[in-house]
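Trainee: Could you take a close look at one spot in this model for me, and then tell me how it fits with the rest of the chain? I'd like one connected walk-through.

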Amino acid sequence: MYTQAMDIPGNETKTPAGSDDPVRAAAFDERTARGEFVEAKDWMPEAYRRTLIRQISQHAHSEVVGMLPEGHWISRAPSLKRKAILLAKVQDEGGHGLYLYAAAETLGVSRDELVDALHAGKAKYSSIFNYPTLTWADIGVIGWLVDGAAIMNQVPLCRCSYGPYARAMIRICKEESFHQRQGYDALYTMMQGTEAQRAMVQDAVNRWWWPVLMMFGPHDADSQHSEQSMKWGIKRISNDELRQQFVDATVAQGKVLGVTFPDPDLCWNEARGHYDFGRIDWREFWNVVNGHGPCNKERLAARVAAWEDGAWVREAALAYAEKHAARQRSVAA
Ligand code: BYC
């Protein structure tokens, strides 16, 4: 099985909860402050381990749940070319989920535990995937804006202090770049089409813009994990800084595309050297994060159904592996 670690089981250096040695913890903090990478076998404070399991597993769940809104359009893509591209993209997202679950497993948690937490509604996944994909233009906008926001957030994670996560992110970011470009290309093609197609693109941008800005998480002042995660080098750039970088990069792309953004306060601020933008509706964000978005129930039900429908595949794979191992033993005997 694919894994990010050379040897995971029997990780003797793992620390039980609450038993952190302050001297070791201080040495660890100095190490991460120097920008050193931490590997699966290294000693780490329990809170560092738990923070990573939380973030990496949420990230993995987001990739897998993120396959659903786009998967919805595979059978309705407007051409064979667009269908092949979308199939490949959705498959990539599944792969990202697998690398990330494998990276989380190096921290001593099992994939079954993580998946159970998702299915029980205890684990979070990105708020963005609780919105519906109403038209083909939504698929282009997911590529351009959702993957665009994802890249902005994930490139710094390639330098995350935890080695297995950082290495998984390198490949993920390369694939996300292709995803972003294909989304922009699909929208650009529609914008050269009919008036109805241009209106469809603008409508999709209007619906997705604010939820995409929410993807970066709460403002820095309200982000409970940021300070410690930045100290440990898990996060390198803050939620607000990344959101600003995203807005600055995206406005120019929107101009080339010929769309506007649904924010009357969006304007260039010469003094700051950045775009100013309007207030985010954090009530909507927390409502979606807490399970009351337009598609939360549908998304979770689809994941649980996929897990249950796939039980026979897991059982068959296990039975085959046992049969294969028994045959190997009898050949060796
Ligand atoms: N949605 O203290 P904060 C993709 C939660 S996949 C839901 O700032 P942190 C793609 C946060 O978890 C994109 N919850 O947290 C896939 C925390 O709650 P808990 C996914 C959110 O961790 C398929 C609380 O709010 N990307 O791109 O320091 C197709 C306070 O937040 C959200 C990743 O997962 C949200 N948007 O920072 C296409 C990247 N934001 O855990 C595309 C990795 C915040 O205490 N993750 N919360 O219950 C990260 O970079 C960080 O975890 C975050 C949040 C920036 C997201």
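**Thr189 and its surroundings**

Mentor: Thr189 is partly exposed, because its relative accessible area comes to 42%; on this scale buried is under 20%, exposed is over 50%, and partly exposed is what falls in between, with a 1.4 Å probe and protein chains only. Bear in mind that this is a predicted model, where local features need pLDDT of at least 70, side-chain atom pairs count only at pLDDT 80 or more, and totals for chains, interfaces and linings use all residues. Residues are numbered from 1 along each chain as its sequence is written, and side-chain values use heavy atoms, with hydrogens and water left out.

Thr189 belongs to helix α7, which covers residues 163-191. Helices here are DSSP runs of H or I with at least four residues, strands are runs of E with at least two, and both are numbered from the N terminus. In space, the C-alpha of Thr189 sits 9.5 Å from that of Leu257, though 68 residues separate the two in sequence.

Leu257 brings us to α10, which spans 239-257. The loop between α10 and β1 (267-269) holds Leu266, and Leu266 is buried, since its relative accessible area is 18%. Skipping neighbours within four places in sequence, Leu266 has contacts with Val247, Val251, Phe261, Tyr275, Asp276 and Phe277, a contact being heavy atoms within 4.5 Å. Trp210 is 56 residues from Leu266 along the chain, and their C-alpha atoms are 12 Å apart.

Now for a charged residue inside. Lys89, in helix α4 (residues 80-105), is buried because its relative accessible area is 1%. What does its side chain do there? It makes a polar contact with the side chain of Glu70 at 2.8 Å. A polar contact is a pair of N or O atoms within 3.5 Å; within protein, one must be able to donate a hydrogen and the other to accept it, and residues adjacent in sequence count only if both atoms are side-chain atoms. Beyond four places in sequence, Lys89 touches Glu70, Ile142, Gly143, Asp147, His179 and Gln182.

Compare Lys122, which lies in the loop between α5 and α6 (136-154) and is exposed, because its relative accessible area is 71%. Its C-alpha is 18 Å from that of Ala306, 184 residues away along the chain. Val115 sits in α5 itself (residues 111-119) and is buried at 8% relative accessibility. Apart from neighbours within four places, Val115 contacts His61, Tyr101 and Trp307; the C-alpha atoms of Val115 and Trp307 are 9.2 Å apart, across 192 residues of chain.

Zooming out, the protein chain has 13 helices and two strands. Its radius of gyration is 22 Å, which agrees with the value near 20 Å for a compact globule of 333 residues; this is taken over C-alpha atoms, and the rule is 2.2 Å times the number of residues to the power 0.38. The C-alpha trace spans about 70 × 50 × 30 Å along its principal axes. Of the 333 residues, 49% are buried, and 78% of the contacts between residues at least 6 apart in sequence join residues at least 24 apart. The exposed area is about 16,900 Å², with carbon and sulfur atoms supplying 57%.

Technical notes:
Areas by Shrake-Rupley, 256 points an atom, 1.4 Å probe, with all protein chains shown as cover.
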